[in-house]
Amino acid sequence: MTPFLTKLKDKKLILASNSPRRQELLKGLELEFTVKVNSVDESIPSDIPADYVAAYLSKLKAESFPDELQENEILITSDTVVVQNGHVLGKPNNEDEAFDMIKSLSGATHKVMTAVTIMDRLKRITLEDETKVTFRFLEEEEIWHYIREYKPFDKAGAYGIQEWIGFIGVSSIEGSYYNVMGFPLHLVYEQLKKW
Ligand SMILES: Cc1cn([C@H]2C[C@H](O)[C@@H](COP(=O)(O)OP(=O)(O)OP(=O)(O)O)O2)c(=O)[nH]c1=O
């Protein structure tokens, strides 16, 4: 346990996420936690503005733990979406969708929004972070190579900044890199410090 989060020493942290990236990143905060995930229907109601989708889904994931939390438990859920010209890009369902998503990001700037909900028996807080990511122009062959070799079907916007496409394609980012990977660690740390 990190010496900077001693307030949490009698607490049990639960990360409600299947994402291996989130699990790795949270370990990086020098914290002990368990992983417990409830399945949630992540379909997005059509009346929700793009900028609220990540917050909506992270709250929904938290609400799937209604009365299960013990007094000393703190639950963390999260959701990441890519927002391009006011449209939400979630996870692609197949190769063609992945291609269309990456093609639309090529040579342009988009936003990656991650929301994190932290909840115990007494309170619930949702944090949000936004990072602007710019891709240089990508050739169609490069996009297909990435999709076939890396199968980015578990990633919002069909890409991982931490993978080949990020290495060759991302020309600049404004904001937190870890937010793009799905977990704005600095905000989580700050919130846990004062929990
Ligand atoms: C844009 C981008 C997204 N991602 C990932 C982060 C998230 O894991 C995923 C978006 O899906 P999410 O629905 O946010 O999360 P998840 O289904 O992986 O996990 P869970 O709901 O159980 O917490 O996309 C990257 O790894 N790199 C990137 O550059």
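The following exchange concerns a predicted model and the reasons behind some of the terms used to describe it.

Colleague: What makes strand 3 count as largely enclosed by the rest of the structure?

Modeller: Strand 3 spans residues 73-84, and nine of its 12 residues are buried, so the strand is described as largely enclosed by the rest of the structure. The threshold behind that word is 20 or more other C-beta atoms within 10 Å of a residue's own.

Colleague: How do you know that strand 3 pairs with strand 1, and in which sense?

Modeller: Two strands are called paired if DSSP finds at least two bridges between them, and strand 1 (residues 12-15) is joined to strand 3 by four bridges in the parallel sense, so the criterion is met. One of the positions to inspect is I14, whose bridge partner in strand 3 is L75.

Colleague: What makes strand 5 and strand 4 partners of strand 3 as well?

Modeller: The requirement is again at least two bridges. Strand 5 (residues 109-119) pairs with strand 3 over nine bridges in the antiparallel sense, and V81 stands opposite M113 there. Strand 4 (residues 87-89) also runs antiparallel to strand 3, with three bridges between them, and V82 stands opposite L89. The hairpin of strand 3 and strand 4 has two residues between the strands, and N85 takes a positive phi near 50 degrees in it.

Colleague: Why is D79 called buried?

Modeller: D79 has 26 other C-beta atoms within 10 Å, and the term applies from 20 upwards, so D79 is classed as buried. D79 is placed in strand 3, and, leaving aside residues up to four places away in sequence, D79 touches A54, L57, S58, K61, T114 and A115. The UniProt record, an unreviewed entry, places the feature "active site" at D79, although such annotations may be inferred rather than shown by experiment.

Colleague: Which part of the structure faces those contacts from helix 2, and which of the helix residues are buried?

Modeller: In helix 2 (residues 53-63) the buried residues are V53, A54, A55, L57, S58, K61 and A62, and these pack against strand 3, strand 4, strand 5 and strand 6 (124-135).

Colleague: Why is E63 called partly exposed while E71 is called exposed?

Modeller: E63, found in helix 2, has 14 other C-beta atoms within 10 Å, a count that falls between the limits of 12 and 20, so E63 is partly exposed. E71 lies in the loop between helix 2 and strand 3, and has 9 C-beta neighbours inside 10 Å; the exposed class takes 12 or fewer, so E71 belongs to it. The C-alpha atoms of E71 and K11 are 8.7 Å apart in space, with their positions 60 residues apart in sequence, whereas E63 and S104 are 41 residues apart in sequence and 33 Å apart in space, C-alpha to C-alpha.

Colleague: Which residues come nearest to the ligand, and which element gives the most to the shell around it?

Modeller: Of the 23 residues around the ligand, S17, N18, S19, I161 and G182 come nearest. The elements giving two or more residues to this shell are helix 1 (20-27) and strand 3, and strand 3 gives the most, with four. By class, the shell has eight nonpolar, nine polar and six charged residues.

Colleague: What is the predictor's confidence in the chain?

Modeller: The mean pLDDT of the chain is 95, and 100% of its residues reach 70 or more; the model scores ipTM 0.93 and pTM 0.95.

Notes:
Residues are numbered from 1 along each chain as its sequence is written. This is a predicted model: local features need pLDDT of at least 70, side-chain atom pairs count only at pLDDT 80 or more; totals for chains, interfaces and linings use all residues. Two residues are in contact if their C-beta atoms, placed from the backbone, lie within 7 Å. A residue is near a molecule or strand if its C-beta atom, placed from the backbone, lies within 6 Å of it. Ala, Val, Leu, Ile, Met, Phe, Trp, Tyr, Cys and Pro count as nonpolar, Asp, Glu, Lys and Arg as charged, and the others, Gly among them, as polar. pLDDT is the predictor's confidence in each residue, from 0 to 100.
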